[in-house]
Amino acid sequence: MMKSVISYQLPVISYRSYLLLITVYCSLFTVFYGCASTKKSELPKVQMDATELNQRGVDAVSAGKYDKALIEFQGSLRLNASVDNQTGIAINLLNLGRLYLLMGRFDDAKAAFDRGLKIGASLNDQMVLSEGYASLGRYYYLIGNNNDAVAVLEKAVAIDRRQGFHTLGNRLNIMGMVYKDMDKAEDAEKLFNEALKINKSYEMEADSADSFRGLGDILFKRGDYKKAGELYENALSIDKRLGISAKISIDLAALGMASLKQNDAGKALDFFLRAYAVDSSRGADKKALQDLDRIIEIYAALGDNNNKEKYSLERERLLKKERDEKQ
Amino acid sequence: MAKIEQKDPRFKNLEQKVGIFVSLVMVMLAAIFFFMGKERGIFTKKYHLYFVVDSGSGFMEGMPVKLSGFTIGKVKAMSLTSEARVKVTLEINKEYQKWIRKGSVARMLKEGVIGEAVVDVSVGPPSGIVIEDGGELPYEKVMGIEELVAKEVKPILEQIKETISYINNPEGDIKKAINNTRKLSEGLLKTKADMDSVLKGAKGAVKEAASAVGKLGSVGDKASPVLERLNRVAEDAEKASKKIPEVMDKANRIMDDVKEFSGVLSKKSQGVKTMLEDTEEALGDTKEIIKGAKDTWPINTMLPPKEEMKLVPLDGSEKGE
C-alpha cells in the first residue's frame with residue numbers, strides 16, 4: 001500500500017511581515033474589545049445635554065466668565081424642566097444662586113436658593129438640602145445677617161455629619177468666617193481647626209486652603225503675624241497648586257499685610273505687587289485697586305516717588321475704566 | 001540508567017538549543033524595543049523651548065508640536081509662573097532646530113473640526129538667528145472654530161434676523177409708511193371732491209356777483225377789479241384741482257413701488273430665512289456628529305468622564321471683591 005504523505009509548507013513570510021501581522025491582529029482585537037465594552041449612556045439625551053450645559057456653566061464660573069455661565073445654567077435649567085428632572089432643576093437653581101452671589105445679585109440668589117431648597121425638601125434629597133442650606137448660609141454671611149447664617153449653616157453641618165458628606169469642612173469654614181465676623185475668635189478657631197482636620201482627611205484641598213487662611217486670619221487678629229504668615233503660606237501653596245487665581249490673590253494680599261505688620265516693607269511690597277499682577281491678569285479690577293492702594297502707600301513710605309507716581313497713574317487708569325463701565 | 005538524550009536524539013545538546021532559543025527571543029525583543037524606541041524618537045536628540053500664555057486651558061502634556069504640519073516634538077511640561085501665567089515647555093527634536101528662528105511664532109491650532117489640538121510653530125525668517133535650547137518663543141492666540149462662530153458669525157446671523165423681523169413687523173416703519181401712503185391717497189381723493197364742490201359754488205357766486213355788479217352801476221365799476229381777481233383765483237383753483245388727479249396718480253405709483261419693494265423684500269427675506277434655517281440645521285448636524293464621535297470608543301476614553309451634575313464650589317473664604 002502506498003503511503004500517502006501530506007506535506008505542509010508554511011508560506012514564506014519575512015520577520016517584519018510577522019511583526020506587522022501580529023500588530024494588526026492586536027489592534028483589531030483592541031478595537032473589537034473596546035467597541036464591545038463601550039458603555040452606552042444610561043441617561044436620556046435631554047438630561048445628558050442638561051448635564052453638559054451645567055458643566056459648561058461650572059467651567060465658565062471657574063474661568064470668571066459669569067455672563068456665559070448664566071446663559072449655560074439657564075439653558076440647563078430649561079432642559080431639566082422640560083423633562084421634569086427635579087434633582088437637576090434643584091442643582092441648576094443652586095448653581096444659579098451661587099453665581100448670583102458672585103455677581104452681587106443677592107436678592108436673585110436668595111430666591112434661587114429658596115426654590116432649590118423647596119425642591120430638595122420635597123425630594124428629601126439630603127445632598128441638595130445640605131448644599132442649599134450652606135449656600136443660604138453664605139448668602140446671609142455676605143449680607144451681614146450672621147445670626148441667620150449660623151442657623152442655616154448648623155442645619156447643613158448636621159446633615160453632613162449624619163450622612164458623612166465630604167463637604168462638612170466647607171460648611172465649617174463658612175461658619176468659622178461668620179463667627180470671626182461676630183468677633184467670636186475662639187469659636188471660629190475651633191471650627192477652622194476641625195474643618196482643617198476633616199478637609200485633610202477627605203483630601204478636600206481647596207477647602208483645606210480656606211481653613212489655613214481662616215486660621216491665619218484669627219492669628220493675625222491676635223497679633224501673631226509670624227504664625228499667621230506661615231498659615232497664609234500653606235494656603236497659598238495649595239491654591240497655587242490648584243491654580244485658583246482668586247484665592248492666590250487673597251493669600252498674597254494677606255501675606256503682604258502680615259509682612260507689613262512685621263515691618264518688612266520690602267517683602268510686603270513684593271507680595272502686593274504679585275497680588276496686583278494676579279488680579280490685573282484675571283480682570284479683577286476692584287481687587288487690583290485695593291492692591292494698588294497698598295503698593296502706593298508702601299512706595300510713599302519708602303520715599304520712592306517715581307514708583308509711587310507710576311502706580312498712582314495706573315490706579316487713575318483703573319478708576320477711569322471703572323467709571324466708564326458704570327456709564 | 002540511560003540518559004534521556006541517549007534514548008532520544010532530539011534531546012541532544014538541549015541546553016545549547018534552549019540557550020540559542022532564549023537568546024534569539026531576547027534579541028528579537030531587544031530589536032522590537034529598539035525599533036519602537038526609534039519610531040517614538042527616544043534616541044533622537046532633543047532640546048527645549050518655552051512660551052508663556054495667560055491660560056493653560058486647552059494645553060496638555062504630550063500634545064504634539066508641529067512645524068508645517070509635521071510633528072517635530074511634544075509639550076513636555078506646564079507650570080504656573082509667579083505672575084499666575086502658564087509656562088508651556090516644548091520638547092523638540094534637535095534636527096528641526098534650524099527652522100525655529102527668531103521670528104518663529106507658536107500657536108495652538110485644531111486639526112479640523114474634531115481634530116486634536118496641536119501646538120503649531122511657524123518657520124522663522126531665513127535671516128533670523130536660531131533659537132537656542134531653553135529659549136522663549138512668542139505665542140500668538142488663534143481663535144478656535146467655536147470662538148469664531150460665536151464672535152463673527154453669530155452677530156451677523158442675529159443682525160439678519162433682526163432686519164427681517166423689522167421688515168415684517170406690522171408696527172414697524174416700513175409697514176406703517178405703506179399704510180400712511182394709502183391713507184394719504186384716500187385723503188387726497190376726498191379733498192379733490194370737496195374742492196370740486198367748492199369751485200362749483202365759487203363759479204356760481206362769481207356769476208351772480210357779475211350780474212349784481214351790472215345792476216349796481218358805478219359801485220359795480222369799483223367792484224369789478226375785485227371780481228376779476230376773484231375770477232382768476234377761481235381759475236387757478238380749477239387748474240390746481242385738475243392737477244390733483246395727476247398728483248394722486250403719482251402717489252399711487254409710489255405706493256405701488258413701495259408695495260412691490262416690500263414684496264421683493266418679503267420674498268428675499270424668505271430666502272434668507274431658509275438660508276438661516278439651513279445654517280442652523282447644518283450647525284445642529286455638526287454638533288450631533290461631534291457628540292456622536294465623543295460618545296464613540298476610543299474617543300470617549302480620551303475625554304473626561306461624564307459625571308453627574310456638578311455644583312459650583314461654594315466659597316468658604318472671607319467676604320471678597
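**Notebook: chain B, the A–B contact, and two places in chain A**

I began with chain B of this predicted model, where I looked up how far apart in sequence the contacting residues are: of the contacts between residues at least 6 apart in sequence, 65% join residues at least 24 apart. I then listed the secondary structure of chain B and found six helices and seven strands, which follow one another along the sequence in the pattern α-α-β-β-β-β-β-β-β-α-α-α-α. Burial was my last entry for this chain, and buried residues make up 8% of the 321 residues in chain B.

Next I turned to the contact between the two chains, to which chain A gives 42 residues and chain B gives 24 residues. On the side of chain A that touches chain B, I noted that the largest share, six residues, comes from helix α4 (residues 86-103) of chain A. Sorting the residues of that side of chain A by kind, I recorded 16 nonpolar, 14 polar and twelve charged.

I then went to a pair of helices within chain A. For a packed pair, the description consists of the angle between the axes and the distance between the axes. Helix α8 (residues 168-181) of chain A packs against helix α9 (residues 185-201) of chain A at an angle of about 165°, and I noted their axes as 8 Å apart. Angles over 145 degrees count as roughly antiparallel, and I therefore entered α8(A) and α9(A) as roughly antiparallel to each other. The crossing in which α8(A) passes α9(A) is left-handed. Among the residues that make this contact I wrote down A:L168, A:L172, A:M175 and A:Y179 from α8(A), and A:A188, A:L191, A:F192 and A:I198 from α9(A). By kind, the residues of the contact of α8(A) with α9(A) divide into ten nonpolar, four polar and three charged.

My final entry concerns a single glycine, A:G116, which lies in helix α5 (residues 106-123) of chain A. I asked myself why A:G116 counts as buried. A residue is buried if 20 or more other C-beta atoms lie within 10 Å of its own, and A:G116 counts as buried because it has 25 C-beta neighbours inside 10 Å. Leaving aside neighbours within four places in sequence, I found A:G116 in contact with A:A90, A:L93, A:L94, A:G97, A:V128 and A:G132. I also checked A:G116 against A:Q86, and these two residues are 30 residues apart in sequence and 9.4 Å apart in space, taken from C-alpha to C-alpha.

How values were computed:
Residues numbered from 1 in each chain as written. Chains lettered and ligands numbered in written order. Predicted model: local features only at pLDDT ≥ 70, side-chain atom pairs only at ≥ 80, totals over all residues. Contact = placed C-beta atoms within 7 Å. Helix = DSSP H or I, 4+ residues; strand = E, 2+ residues; numbered from the N terminus. Nonpolar A, V, L, I, M, F, W, Y, C, P; charged D, E, K, R; others polar. Axes fitted to C-alpha atoms, helices over the stretch in contact; angles between N-to-C directions. Parallel < 35°, antiparallel > 145°, perpendicular 65-115°, else oblique. Left-handed = near helix turned anticlockwise from the far one by under 90°. Buried ≥ 20, exposed ≤ 12 C-beta atoms within 10 Å, placed from the backbone.
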